[in-house]
Amino acid sequence: MEEHNTNSTEIREASEDPEIKKWFTKLIWAWIFTIPLIIIMFFDRLFGTSIIPENWMTPVILIIGFPVIFILGWSTIKSGLKGFANFYFSMDSLIALGTILAYLTGIASLFFKIQDYSGISAMIMSIFITGKYIESRARGRATSEIMKLLQLGAKKARVLRGKEQIEIPIEELRIGDVMIIKPGEKIPTDGIVVKGESAVDESMVTGESMPVEKSKGSPVIGATINQDGILYVKASKIGSDTFLAHIIQLVESAQSEKIPIQKLADKITSVFVPVILLVALLTGINWFVFTQDMSLAIGVAIAVLVIACPCSLGLAVPIVIMVSSGMGAKHGILIRKGEAIQTMKEIKYIVFDKTGTITKGKPEVSEIYSLVPEKYLLTIAASLENLSEHPIALAIVNKAQLKKYKHVVNFSINRGKGIEGNIGKSKYVIGNESFMKEKGISLNKLSEKINKFQSDGKTTMIISENKTAIGVIAVSD
């Protein structure tokens, strides 16, 4: 059921793309005409009798095949014939020439003794249209990934106008506007924090799940998410100058850029087409010389034209670039140049410049060292952390899995350091080393474990009770 729903969504999205819709319509109409042609042409071979009288066969095929080639396939015919006018050939040139010549054999057969290939020409065009539809679907999927990137941005912004707060569409935002971003909201555009403190989830940009602390003077990136404090941000970039816009431009640039193998394909095609035309002509002459059968000679020459069309070479390379760069962007992999897609096959090792680059994107409690019963330590830690929205706090709460939390009073958050509060008659502090030293709490009994956890690249949260350190929880991604 889930797979069915996913496919239905893809089809619905695909049908909304004008290019896909155009080729899908052509595809349906092409086969509406072509399937009867196939039945008419092969019915006699399969069942030994014709559906229509023999003398009506060719005129009927010509009439049914005409809209497939000269209406539905007109854009291909026009593009192909243009290549002969300016001597710049493409795959369309072979398709156009092959289908027109095949269709003309039907007209010629009404006056001369020659084999009729007009029905085959409609089949060729229908197959070509099917290929173009598949190509447009592939391009559509890649384009949809860019659209998803666009959707990452905020749609509205809350800004200060004098002393009033008003909500405006993101398009009306101007450089210098002061935006107000509440916890859980997306930052509308790139800017500088002018007031407030908070942690910002920048994982969509950096891949790092740990939020980045922000205070006055800190730069922020549009589309990242404010975590647990109110920020006043002065807009410094808007529209196409923003970080997100540059990401989208990178993806689009990689898709439109021709990679070395594509440039080679273009060169091959420009030489390949005239060579195939010559080969088809020589093949036709050769067959006529040896068989004296003009109908057979023309049929073989047309077969060479059609079969030699290197459609896969011309279609596959652009599709690969479009889809791979689009899918890469979806998974957070930005490809600056299309050439990188081709050279990527040579990669044997990938070296990252820091630890924690490849992560699940979700911090988890990995180790606990406690001087008191572990269950007690987790209960205390989770009861306090449950009042915080920080990802590290969420990791501790998930680890404890408490059904009921202890009642906490006098709770406060110390930005970038930790939290504190009272449970019953005891005062608890949870935070990093510097916060503990600031509070005058000795870490002698835990220093060895803290150093070990930190050397392993883990974030350490120290828990103290009444100014006595009772344990440390290591969180990692």
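## Worked exercises on a predicted model

The protein chain exposes about 26500 Å², and carbon and sulfur atoms supply 61% of that area. Keep in mind that this is a predicted model.

**Exercise 1. Get the overall picture: how many helices and strands does the protein chain have, and what percentage of its residues is buried?**

Solution.
- Start with secondary structure: you should find 16 helices and 15 strands in the protein chain.
- Next comes burial. The protein chain has 477 residues, and 41% of them are buried.
- Then look at contact range. Take the contacts between residues at least 6 apart in sequence; 64% of these join residues at least 24 apart.

**Exercise 2. Find the largest nonpolar core and work out which residues touch the most other members.**

Solution.
- This core holds 25 residues, and the ones that touch the most other members are Ile77, Met125 and Ile129.
- Now trace where the core comes from: helix 2 (18–47), helix 3 (54–72), helix 5 (91–109) and helix 6 (118–151) each put in at least two residues.
- Helix 3 has the largest share of the core, with seven residues.
- Zoom in on Ile77. If you skip its neighbours within four places in sequence, Ile77 is in contact with Ile69, Ala96, Thr99, Ile100 and Met125.
- There's also a second, separate core, made of 22 residues, including Leu377, Ile419, Ile470 and Val475.

**Exercise 3. Look at Gly65: is it buried or exposed, and which residues is it in contact with beyond its neighbours within four places in sequence?**

Solution.
- First locate Gly65: you'll find this residue in helix 3.
- Its relative accessibility is 0%, so Gly65 counts as buried.
- With neighbours within four places in sequence left out, the contacts of Gly65 are Leu37, Tyr103 and Ala122.
- Check one of these by C-alpha distance: Gly65 and Leu37 lie 28 residues apart along the chain, yet their C-alpha atoms are separated by 7.7 Å.

**Exercise 4. Take helix 4 and explain why its buried residues Thr76, Ile77, Gly80 and Gly83 are on the same side.**

Solution.
- Begin with the geometry. Helix 4 covers residues 74–86, 13 residues in all, and reaches 18 Å from its first C-alpha to its last, close to the 18 Å expected at 1.5 Å a residue.
- List the burial: Thr76, Ile77, Gly80 and Gly83 are buried in helix 4.
- These four residues are on the same side of helix 4 because they cover an arc of only 120 degrees around the axis.
- The background rule is handy here: an α-helix has 3.6 residues a turn, so residues three or four places apart point the same way.
- Finally, step past the end of the helix: Phe87 follows helix 4 and has a positive phi, near 60 degrees.

**Exercise 5. Work out the strand order of the open three-stranded sheet that contains strand 5, and say which strands stand at its edges.**

Solution.
- Pair strand 5 (residues 198–201) with strand 6 (residues 212–214): three bridges join them, and they run antiparallel.
- One of these partnerships is Ser198 with Lys214 in strand 6.
- Strand 5 also pairs with strand 8 (residues 225–226), again in the antiparallel sense, over two bridges. Here the bridge partner of Asp201 is Ile225 in strand 8.
- Put together, the order is 6-5-8, in an open sheet with antiparallel pairing.
- Strand 6 and strand 8 stand at the edges with a single partner strand each, so one side of each has no neighbour in the sheet.
- Now check the faces of strand 5. Ser198 and Val200 are buried on one side, and Ala199 and Asp201 are buried on the other, which leaves both faces covered.
- That two-sided pattern can be read with a general rule: in a regular strand the side chains alternate between the two faces of the sheet.

**Exercise 6. Ala223 and Lys467 both have positive phi without being glycine. Is each one buried or exposed?**

Solution.
- Ala223 has phi near 80 degrees and is found in the loop between strand 7 (219–220) and strand 8.
- With a relative accessible area of 5%, Ala223 is buried.
- Lys467 has phi of about 65 degrees and belongs to the loop between strand 14 (459–465) and strand 15 (468–476).
- At 59% relative accessibility, Lys467 counts as exposed.

Methods:
Residues are numbered from 1 along each chain as its sequence is written. This is a predicted model: local features need pLDDT of at least 70, side-chain atom pairs count only at pLDDT 80 or more; totals for chains, interfaces and linings use all residues. Side-chain values use heavy atoms; hydrogens and water are left out. Buried means under 20% relative accessible area, exposed over 50%, partly exposed in between (1.4 Å probe, protein chains only). Contact means heavy atoms within 4.5 Å. Accessible areas come from the Shrake-Rupley method with a 1.4 Å probe; for residues, only the protein chains shown count as cover. A nonpolar core is a set of buried Ala, Val, Leu, Ile, Met, Phe, Trp, Tyr and Cys residues joined through side-chain atoms within 4.5 Å. The expected span of a helix is 1.5 Å times one less than its number of residues. The arc is that of the directions from the helix axis to the C-beta atoms. Two strands pair if DSSP finds at least two bridges between them.
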